[in-house]
Structures are given as C-alpha cells and as structure tokens.
Amino acid sequence: MEEITAYIKGSICEDQCLGKCLYIHGVPGTGKTMSVLSVMRNLKSEVDAGSIKPYCFVEINGLKLTPSEHIYSVIYEALNGQRVGWKKALKLLNERFSNGTERGKEDNRPCILLIDELVLLVTVFAYYLSSCLCGTEFVNEI
C-alpha cells in the first residue's frame, strides 16, 4: 500500500498531473480494490487536514456497466453532477481533459479514476492480454 500511496500522492501533488496510470492486477480476492480504497480514504484525510491539495475521486465498477459505453456517462456525472447520454458525455469529457486552460477553478483539481473489474469493459483481445498479465488459466474459455 505504501507504493500505491506514494504513486498517487506524487501524481496529485505535481503541478501537472497529465495522463498517469497505475494498473494493479492479480487473482480475485487478494484485496486489490480494498487496498486502493484504503489509500484513498487516507489521502482524503490528508486533504481534510490541508496537507495535500484537493482532488476528485471517481470509483467505477465494470460489473455494473452495461453496455460498457456508459462509463463515459458515469464519469461525467461524478465530475459534474449532471446526467447525460454516453455520446454527449464522451464529447464533454474530451473537451474537459484536452484543453486544461479553459477549465474553471473548481475543475482544476486532479482526477483519480478507479476502474474496478476493468476486464469487463474491454475487448476480447484486451481481456486475453489482461488474463496473460495476471497469469490466470481461464484464457482458454474465451
């Protein structure tokens, strides 16, 4: 958890946090999600204490998204409080994250996105690749 904390904290404390990614994988039930959520709770307490700058945190579970395109709507709603269709959300998210100079102050916070069960949101090829990286044996079931 210390490595996860250091990576996330370092990312949100930099002046420019652009496009960083941390991929945590492993067999089911080993505490991956629980560890990340614990780190996020600890970082929130640091924000509340004023020792690190505020950030936005969006948690998404791939098991709950059908079809997978709805991820854009979920992210947009979490960031802006407005519910829109996935195509409009994709357009608005692209605008928000592609041109940082036009964002308002409230939108200038780093955004941490946790996507749990990512494998359910990707293509069969990426699923196969993810399975290989995790060292699991269920690739033959595809």
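In the predicted model, the largest nonpolar core comprises 13 residues, and those with the most contacts inside it are I60, L65, I71, I75, Y76, L79 and L93. At least two residues of this core come from each of strand 1 (56–61), helix 3 (71–80) and helix 4 (86–98), with helix 3 giving the most, namely four residues. Separate from this assembly lies another core, made of twelve residues, among them I4, V39, M40 and V47. In soluble globular proteins, nonpolar side chains tend to be buried together.

The contribution of helix 3 can be followed residue by residue. Within this helix, I71, S73, I75, Y76 and L79 are buried, and the buried residues of helix 3 pack against strand 1, helix 4 and strand 2 (111–116). When neighbours within four places in sequence are left aside, Y76 is found in contact with G81, Q82, V84, A89, L92 and L93. Of these contact partners, G81 is located just after helix 3, where it adopts a positive phi of about 75°.

Helix 4, which supplies at least two residues of the largest core, also carries K87. K87 has a relative accessibility of 59% and therefore counts as exposed, the cut-off being over 50%. Although K87 and E69 are 18 residues apart along the chain, their C-alpha atoms are separated by 8.3 Å.

The packing of the two N-terminal helices was examined next. Two packed helices are described by the angle between their axes and the distance between the axes. For helix 1 (residues 2–13) and helix 2 (residues 32–49), the angle is about 50° and the axes lie 10 Å apart. Because an angle of this kind falls neither under 35 degrees, nor between 65 and 115, nor over 145, helix 1 and helix 2 are oblique to each other. The crossing by which helix 1 passes helix 2 is right-handed. On the side of helix 1 the contact is made by I4, T5, I8 and K9, and on the side of helix 2 by V36, V39, M40, L43 and E46. Sorted by class, this contact between helix 1 and helix 2 contains six nonpolar residues, one polar residue and two charged residues. Three of the residues named for the twelve-residue core, I4, V39 and M40, also appear in the contact between helix 1 and helix 2.

Terms used: Residues are numbered from 1 along each chain as its sequence is written. This is a predicted model: local features need pLDDT of at least 70, side-chain atom pairs count only at pLDDT 80 or more; totals for chains, interfaces and linings use all residues. Side-chain values use heavy atoms; hydrogens and water are left out. A nonpolar core is a set of buried Ala, Val, Leu, Ile, Met, Phe, Trp, Tyr and Cys residues joined through side-chain atoms within 4.5 Å. Buried means under 20% relative accessible area, exposed over 50%, partly exposed in between (1.4 Å probe, protein chains only). Contact means heavy atoms within 4.5 Å. Axes are lines fitted to C-alpha atoms, for helices over the stretch in contact, and angles run from 0 to 180 degrees between N-to-C directions. A crossing is left-handed if the near helix is turned anticlockwise from the far one by less than a right angle, and right-handed if clockwise. Ala, Val, Leu, Ile, Met, Phe, Trp, Tyr, Cys and Pro count as nonpolar, Asp, Glu, Lys and Arg as charged, and the others, Gly among them, as polar.
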